[in-house]
Amino acid sequence: MATQLSVRDLHVRFPTTRGVVEAVNGVSFSLERGATLGIVGESGSGKSVTAKALMNLLPRTAEVDGRVRFDGEDVRGLAVTGGEHFWGVRMTMVFQDPTTSLNPVKKCGEQIAETLRYHLGQDRATARKNATALLEQVGVPEPAKRVDQYPHQLSGGLRQRVVIAMALACEPDLLIADEPTTAIDVTVQKRILDLLDSLRKERGMSMILITHDLGVARGRCDEVAVMYAGRVVERAATETLFDGSRHPYTDALLRSIPRIDQPSHTRLDPIPGRPPELISPPLGCAFAPRCRYAQPDCLTSVPRIASAGEGHDFACHHPANTRDGREALATNIAAGVTAAGLEIGQRRRS
Ligand SMILES: Nc1ncnc2c1ncn2[C@@H]1O[C@H](COP(=O)(O)OP(=O)(O)OP(=O)(O)O)[C@@H](O)[C@H]1O
Ligand code: SF4
Ligand SMILES: [Mg+2]
């Protein structure tokens, strides 16, 4: 398959009065045409900032570095030369909260039609007709009536469908969906994800799906990138990641979510502690204070990305599910404490 998107060594820094926030710190990944990449990680790990950097939506104060190529074309160069018919046409984005993406004083149909008129030059009547058809396509009931309604007249689930219709209006090659279902009723979530999935297949569109939910990533993505403190710490084909994670953070995330094959009373292991400050982060591995595997070298040197086989990369000195990692964990369990001072005991049997 051909590479649609390639991101190399992306950095995003926000100068603030407290210091420079290193929100994205050397992120690299690529996405094949027609595939879905999941980006997972705790709050503040840099998922949305990465997405906004790709969409050229960051505030002017942000300092961006790195290379982003789309179909071989330099996307960051487009930002300089215009790119107004690139973003919103070939690459579009659905945000977490539909209310922020819709104009409250404009009818839903008009908002979709505007996109069609601006980017594709359609006349008023054609754009309106196509807007209605798009609403129908994303499963909005009574589309002919809904085009003339305002966002507040729709439920959260329907509003998100309108946002999706807007994002799909110009038949993008890549759709970035940033937590597209968090603001929505649980029962509607699955329907929205199914819809995105089927539209992706139908149109051969690629997708980046940002989610807190590892279950969603597992069910919907071909590949998953795990972000921690502004870095991609592990990246692999979905099954590989879930069956043989190497990074202790991925491992900890997997232990903190319920699994279908576990009895319902199984206790989950929450990840102790909190992510680090992104202003002058600690020396060494950013996960060290929370890591059960941490050894002295983790406190002084940042682990580089290594390969565990085809398409499986991770950044860790003592990777989980390896002999080295098992020894590191055994040493820490025997001592009752890690090199970073995290107190640990025998892992509960589950
Ligand atoms: N405009 C800004 N100025 C300063 N810091 C910012 C700005 N935008 C984002 N950040 C910081 O960048 C970091 C990454 O934020 P980001 O929104 O990407 O997190 P996220 O992974 O999407 O989290 P969530 O899961 O909560 O959506 C956070 O520490 C955030 O506070
Ligand atoms: S073992 Fe070391 S390098 Fe690996 S995640 Fe833990 S602290 Fe980081
Ligand atoms: Mg976010």
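Me: Which classes of residue make up the shell around ligand 2, and how many are there of each?

Reply: Start with the classes: Ala, Val, Leu, Ile, Met, Phe, Trp, Tyr, Cys and Pro count as nonpolar, Asp, Glu, Lys and Arg as charged, and the others, Gly among them, as polar. Around ligand 2, the shell holds 10 nonpolar, 3 polar and no charged residues. A quick note on the source: this is a predicted model, where local features need pLDDT of at least 70 and side-chain atom pairs count only at pLDDT 80 or more, while totals for chains, interfaces and linings use all residues. Residues are numbered from 1 along each chain as its sequence is written, and chains are lettered from A and ligands numbered from 1 in the order in which they are written.

Me: Which residues are the closest to ligand 2?

Reply: A residue is near a molecule if its C-beta atom, placed from the backbone, lies within 6 Å of it. For ligand 2, 13 residues form the surroundings, and the closest are Cys285, Cys291, Tyr293, Cys298 and Cys316.

Me: And which residues come nearest to ligand 1?

Reply: Ligand 1 has 15 residues around it, with Phe14, Ala23, Ser43, Ser48 and Val49 coming nearest. To see where such residues sit, use the secondary structure: helices (H or I, at least four residues) and strands (E, at least two) are DSSP runs, numbered from the N terminus. Strand S1 (3–16), strand S2 (19–32) and helix H1 (47–54) each give two or more residues to this shell, and H1 gives the most, with 3 residues. By class, the shell around ligand 1 has 6 nonpolar, 8 polar and 1 charged residues.

Me: How many helices and strands does the chain have?

Reply: The chain has 12 helices and 12 strands. Its radius of gyration, taken over C-alpha atoms, can be set against the globule rule, 2.2 Å times the number of residues to the power 0.38. Here the radius is 22 Å, close to the 20 Å that the rule gives for 350 residues, so the chain is as compact as a globular protein of that length. The C-alpha trace spans about 75 × 50 × 45 Å along its principal axes.

Me: Is Met205 buried or exposed?

Reply: Count neighbours: a residue is buried if 20 or more other C-beta atoms, placed from the backbone, lie within 10 Å of its own, exposed if 12 or fewer, and partly exposed in between. Met205 counts as buried because it has 21 C-beta neighbours inside 10 Å. You will find Met205 in the loop between helix H8 (186–203) and strand S8 (206–211). Met205 and Leu175 are 30 residues apart in sequence, yet 7.3 Å apart in space, C-alpha to C-alpha. Across the chain, 41% of the 350 residues count as buried.

Me: Where is Asn56, and what is its phi?

Reply: Asn56 sits in the loop between H1 and strand S4 (63–70). Its phi is near 60°, a positive value in a residue other than glycine. With 16 C-beta neighbours inside 10 Å, Asn56 counts as partly exposed.

Me: What is the phi of Asp71?

Reply: Asp71 has a positive phi of about 50°, although it is not a glycine. Its place is in the loop between S4 and strand S5 (73–74). Asp71 is partly exposed, with 14 other C-beta atoms within 10 Å.
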